[in-house]
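Trainee: Could you walk me through this structure one question at a time? I would like each term explained when it comes up.

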Amino acid sequence: MPQQTEVRLADDVRLHVEVSGPADAEITALLLHGWTLDGRSWHRQLAEIRERFGGRVRVVTYDARGHGRSSCMALRTATLAQLGDDLVAVLDAVAPTGPVVLVGHSMGGMTVMEYAHRHPRHFAARTAGLVFVSTTAEGHTHTAYGLSPRIARLIRLAETAGAGVLARCGAWRPPRALLRALRPSIRWMLFGDRCDPTDIRLVTSAVARASLRSIGGFRASIGTQHRLDTLASLAHLPAAALVGDRDRLTPPPCAESIAAALPATELTVCPGAGHMLMMERPGQVNAAVAGVLHRVLAGAPHPASPA
């Protein structure tokens with residue numbers, strides 16, 4: 001069973017962290033979840049990594065501030081920049097030595113990019129590999145929800161206005177009755193052609209745990225981030241990027257631009273899949289994560305721990 005712990009940040013936000021595997025493992029794989037989700041979204045990857053690599057790989061997941069079992073935060077800290085700083089704090093607290101492979105879904109992938117941008121020396125000293133799942137380095141540039149540009153613009157305006165209202169609702173959480181009513185919309189937005197009922201229940205449960213401040217507050221930062229230049233400086237790292245061709249939030253052009261910035265990246269486009277690839281296509285996500293881990297274990301240069 002994973003060991004549960006807590007990391008207290010400088011602003012007194014408490015992050016819920018789960019760790020599996022020995023402290024002296026050769027690699028730490030740190031998996032970062034997406035906006036409004038929590039660490040449980042990686043459950044199929046956690047089981048696969050443990051089975052395939054045993055004690056050679058230590059696995060860490062945590063709930064981002066305002067999400068899951070982590071505490072809420074001041075509205076001014078609901079930014080990707082802050083999430084990049086939080087990632088440094090988690091690494092220093094629970095995996096202070098040894099090489100790290102960072103696996104990020106959606107907002108989690110953007111958090112990895114922000115970490116690389118804001119803390120380049122720390123990143124270079126620790127990071128040995130990257131996996132980007134259904135994410136973007138270009139904000140909402142390519143987000144059209146699978147609709148016409150005109151309708152997409154209207155939806156974005158409504159979404160932005162609604163996010164501003166939610167951001168001011170503090171630590172309150174979405175009413176479960178409302179989320180049950182919105183389940184068809186959540187399913188349409190996040191999943192592709194097929195959706196296992198247990199997956200939509202897990203996603204709805206995760207959204208129910210997110211504070212309204214985090215649901216609304218992170219929207220502006222996510223929409224405006226641009227980190228392709230940062231990615232271009234990481235081209236030496238083993239990397240993979242995956243996207244579903246039915247992804248309405250981070251469609252294939254998002255992954256294609258990441259792969260263009262990181263020419264050695266293995267790009268996988270999953271037919272019929274939406275935004276929740278860890279659940280919709282666990283085999284392909286597991287293969288991509290395992291591929292990067294194997295490349296690091298097989299002799300990719302291991303960074304030293306930061307001084």
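**Salt bridges, cores and cavities**

Trainee: Which residue forms a salt bridge with D245?

Mentor: A salt bridge here is a side-chain nitrogen of Lys or Arg within 4 Å of a carboxyl oxygen of Asp or Glu. In the bridge made by D245, the closest N and O atoms are 3.2 Å apart. The partner of D245 is R246.

Trainee: Before we go on, what pLDDT do local features need in this model?

Mentor: Residues are numbered from 1 along each chain as its sequence is written, and side-chain values use heavy atoms, with hydrogens and water left out. This is a predicted model, where totals for chains, interfaces and linings use all residues, side-chain atom pairs count only at pLDDT 80 or more, and local features need a pLDDT of at least 70.

Trainee: Is D245 buried, partly exposed or exposed?

Mentor: Buried means under 20% relative accessible area, exposed means over 50%, and partly exposed is in between (1.4 Å probe, protein chains only). D245 has 32% relative accessibility. That value falls in the middle class, so D245 is partly exposed.

Trainee: How many salt bridges does a search of the whole structure find?

Mentor: Some of them join up: D11, R65 and D86 are linked in a network of salt bridges. Searching the whole structure gives a total of 15.

Trainee: How many residues apart in sequence are E18 and R69?

Mentor: These two form a salt bridge, with their closest N and O atoms 3.1 Å apart. E18 is in strand β2, and R69 is in the loop between β4 and α2; helices (H or I, at least four residues) and strands (E, at least two) are DSSP runs, numbered from the N terminus. E18 is buried at 16% relative accessibility, while R69 is partly exposed at 41%. The pair links distant parts of the chain, with a separation in sequence of 51 residues.

Trainee: And R227, what part of the structure holds its partner E114?

Mentor: R227 and E114 form a salt bridge whose closest N and O atoms are 3.1 Å apart, and both residues are buried. R227 lies in the loop between α9 (219-224) and α10 (228-232), so the pair ties together parts 113 residues apart in sequence. E114 is in helix α3.

Trainee: Which helix gives the largest share of the largest nonpolar core?

Mentor: A nonpolar core is a set of buried Ala, Val, Leu, Ile, Met, Phe, Trp, Tyr and Cys residues joined through side-chain atoms within 4.5 Å. The largest one has 44 residues, and V57, V103, V131, V133, V203, M276 and L293 touch the most other members. The largest share, eight residues, comes from helix α13.

Trainee: How many residues are in the second, separate core?

Mentor: Its members include L9, L32, V94 and V100. This second core has 43 residues.

Trainee: What is the volume of the largest cavity?

Mentor: Rolling a probe the size of a water molecule over the atoms shows where empty space is left. On a 1 Å grid over the protein atoms alone, a cavity is a set of points where a 1.4 Å probe fits but cannot get out, and lining residues have an atom within 4 Å of a point. Grid points are joined across faces, edges and corners, and a volume is the space filled by probe spheres set on the points. There are two cavities of 30 Å³ or more, and the volume of the largest is about 80 Å³.

Trainee: Which helix gives the most to the lining of the largest cavity?

Mentor: The lining is made of L32, H33, Y62, A64, L83, M107, G108 and T111. It divides into five nonpolar, three polar and no charged residues, where Ala, Val, Leu, Ile, Met, Phe, Trp, Tyr, Cys and Pro count as nonpolar, Asp, Glu, Lys and Arg as charged, and the others, Gly among them, as polar. With three residues, the top contributor is helix α3.

Trainee: How far apart in space are M110 and L32, C-alpha to C-alpha?

Mentor: M110 lies in helix α3 and counts as buried at 3% relative accessibility. M110 and L32 are 78 residues apart in sequence. In space, their C-alpha separation is 9.6 Å.

Technical notes
On a 1 Å grid over the protein atoms alone, a cavity is a set of points where a 1.4 Å probe fits but cannot get out, and a pocket is an open set with protein on both sides within 12 Å along at least five of seven lines; lining residues have an atom within 4 Å of a point.
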